[in-house]
Amino acid sequence: TELRAGKVHATATLDLHGTTIAPALAQLRQFLIESRRIGHRCVLVIHGRGLHSEHGAPLREAVIAELLGPLSGLVHAFASAAPGDGREGATYVALRGPR
């Protein structure tokens with residue numbers, strides 16, 4: 001898909017780098033709801049790769065779990081970002097159109 005190939009243009013970005021999980025997920029939820037409301041189709045969520053964490057990438061894993069679970073109604077698809085946008089340190093999220 002174009003998303004996986006990185007041939008998408010994210011029209012908004014949320015940088016969660018360095019944020020702890022609970023506030024990050026609250027920000028993510030608000031960002032996706034607002035982005036969809038104003039008509040964005042694809043956004044970029046920067047969560048980092050967990051390089052400074054002892055346990056892999058907890059924020060990345062929490063973001064992915066949230067996209068698959070509680071926020072799945074807003075999400076059409078998602079994929080790791082292209083090299084220029086942060087690779088696995090960021091995720092493209094294609095949003096569902098407004099109902």
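**Figure 1. The largest nonpolar core of the predicted model holds 19 residues.** Leu 28, Leu 32, Val 63 and Val 93 have the most contacts inside this core. Four elements, H2, S2, H3 and S4, each give two or more residues to the core. Helix H2 provides the largest share, with 5 residues.

**Figure 2. Close-up of Leu 32, one of the residues with the most contacts inside the largest nonpolar core.** Neighbours within four places in sequence are left aside here. Beyond them, Leu 32 is in contact with Val 43, Leu 67, Leu 71 and Leu 74. Val 75, Val 93 and Leu 95 are also in contact with Leu 32. Of these partners, Val 93 is itself listed among the residues with the most contacts inside the core.

**Figure 3. A second, separate nonpolar core has 10 residues.** Among them are Leu 3, Leu 44, Ala 82 and Ala 94.

**Figure 4. Glu 34 pairs with Arg 37 in helix H2.** This is one of 2 salt bridges found in a search of the whole structure. The closest N and O atoms of Glu 34 and Arg 37 are 2.7 Å apart. Both residues belong to helix H2, which spans residues 21-37. Because they are 3 residues apart in that helix, about one helical turn separates them. Glu 34 is partly exposed, at 36% relative accessible area. Arg 37 counts as exposed, at 61%.

**Figure 5. Arg 49 forms a salt bridge with Glu 88.** Their closest N and O atoms lie 3.9 Å apart. The pair links distant parts of the chain, 39 residues apart. Arg 49 sits in the loop between strand S2 (42-46) and helix H3 (58-68). Glu 88 sits in the loop between strand S3 (75-80) and strand S4 (90-95). Arg 49 is partly exposed, with a relative accessible area of 42%. Glu 88 is also partly exposed, at 37%.

**Figure 6. The largest pocket encloses about 340 Å³ of space.** Its lining counts 20 residues. Closest to the pocket centre are His 17, His 47, Gly 48, Arg 49 and Gly 50. Arg 49 thus appears in two views: here in the pocket lining, and in Figure 5 as the salt-bridge partner of Glu 88. Helix H3 gives the largest share of the lining, 3 residues. By residue class, the lining divides into 7 nonpolar, 10 polar and 3 charged residues.

Terms used: Residues are numbered from 1 along each chain as its sequence is written. This is a predicted model: local features need pLDDT of at least 70, side-chain atom pairs count only at pLDDT 80 or more; totals for chains, interfaces and linings use all residues. Side-chain values use heavy atoms; hydrogens and water are left out. A salt bridge is a side-chain nitrogen of Lys or Arg within 4 Å of a carboxyl oxygen of Asp or Glu. Buried means under 20% relative accessible area, exposed over 50%, partly exposed in between (1.4 Å probe, protein chains only). On a 1 Å grid over the protein atoms alone, a cavity is a set of points where a 1.4 Å probe fits but cannot get out, and a pocket is an open set with protein on both sides within 12 Å along at least five of seven lines; lining residues have an atom within 4 Å of a point. Grid points are joined across faces, edges and corners, and a volume is the space filled by probe spheres set on the points. Ala, Val, Leu, Ile, Met, Phe, Trp, Tyr, Cys and Pro count as nonpolar, Asp, Glu, Lys and Arg as charged, and the others, Gly among them, as polar. A nonpolar core is a set of buried Ala, Val, Leu, Ile, Met, Phe, Trp, Tyr and Cys residues joined through side-chain atoms within 4.5 Å. Contact means heavy atoms within 4.5 Å.
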